[in-house]
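These are my notebook entries on one protein chain. I began with a single loop residue and worked outwards to the fold.

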Amino acid sequence: MSSVTLKVEGMSCSHCVNAVEGAVKKLGASAKVDLAAHSVAVDFDEVKVSLDAIKNAIEDQGYDVV
C-alpha cells in the first residue's frame, strides 16, 4: 500500500470534495480532500492502480494536479 499527498488546485466546496474522492474511489483507492490545504491524501495499491491514473482521474473532474 502506498500513500501520497497531491496538491490540487480548483477545489472550493463540498461538491469538489465529493467529485475528487468519488473519482479516486472508482479506481479502487481512497482519498481524503483537505480544502484548506488544497491537497488530497491518497492511499492506493500500486499493483492495482498507478499514480498517473489517479492524477488523471482527478484532472478529468476539472481540477489541476500540480
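Entry 1: His38. I looked up the contacts of His38 in this predicted model. Not counting residues up to four places away in sequence, His38 touches Leu6, Lys7, Val8 and Met11. I then located His38 in the loop between β2 and β3. Is His38 buried or exposed? I found that His38 is partly exposed, because its relative accessible area is 39%, a value between the limits of 20% and 50%. I also checked a distance: the C-alpha atoms of His38 and Gln61 are 15 Å apart in space, while the two residues are 23 places apart in sequence.

Entry 2: Ser39. I moved on to Ser39, which belongs to strand β3, residues 39-44. Ser39 has a relative accessibility of 10% and therefore counts as buried, since the cut-off for that class is under 20%. Which residues does Ser39 contact, leaving aside neighbours within four places in sequence? I listed Thr5, Leu6, Lys7, Val8, Met11, Lys32, Val33 and Asp34. Asp34 also appears as a bridge partner of Ser39 in β3.

Entry 3: the sheet. I traced that bridge to its strands and noted that β2 and β3 run antiparallel, joined by 5 bridges. In general, the strands of a sheet pair through backbone hydrogen bonds. The sheet here is open and has 4 strands in the order β2-β3-β1-β4, with antiparallel pairing. Why is one side of β2 and of β4 left without a neighbour in the sheet? I recorded that β2 (30-34) and β4 (64-65) stand at the edges, so each has a single partner strand. Helix α1, residues 14-26, packs on the sheet and touches β2 and β3. The direction of α1 makes about 160° with that of β2.

Entry 4: helix α2. I next looked up α2, residues 51-60, which lies across β1 (2-9), β3 and β4. Helix α2 runs at about 30° to β1. Which residues of α2 are buried? I found Ile54, Ala57 and Ile58. These residues lie on the same side of α2, because they cover an arc of only 95° around the axis. A general rule helped me here: an α-helix has 3.6 residues a turn, so residues three or four places apart point the same way. The cover over the buried residues of α2 includes β1, α1, β3 and β4. On the face turned away from the buried side, I noted the exposed residues Asp52 and Asp60. Just after α2, Gly62 takes a positive phi of about 100°.

Entry 5: the whole chain. I ended with the chain as a whole, which has 2 helices and 4 strands. Along the sequence, these elements follow the pattern β-α-β-β-α-β. How does the radius of gyration of the chain agree with that of a compact globule? I noted 10 Å for the chain, which agrees with the value near 11 Å for a compact globule of 66 residues. The C-alpha atoms fill a box of roughly 30 × 20 × 20 Å along the principal axes. Of the 66 residues, 33% count as buried. The chain exposes about 4,000 Å², and carbon and sulfur atoms supply 49% of that area. Among contacts between residues at least 6 apart in sequence, 63% join residues at least 24 apart.

Notes. Residues are numbered from 1 along each chain as its sequence is written. This is a predicted model: local features need pLDDT of at least 70, side-chain atom pairs count only at pLDDT 80 or more; totals for chains, interfaces and linings use all residues. Side-chain values use heavy atoms; hydrogens and water are left out. Buried means under 20% relative accessible area, exposed over 50%, partly exposed in between (1.4 Å probe, protein chains only). Contact means heavy atoms within 4.5 Å. Two strands pair if DSSP finds at least two bridges between them. Axes are lines fitted to C-alpha atoms, for helices over the stretch in contact, and angles run from 0 to 180 degrees between N-to-C directions. The arc is that of the directions from the helix axis to the C-beta atoms. The radius of gyration is taken over C-alpha atoms; the globule rule is 2.2 Å times the number of residues to the power 0.38. Accessible areas come from the Shrake-Rupley method with a 1.4 Å probe; for residues, only the protein chains shown count as cover.
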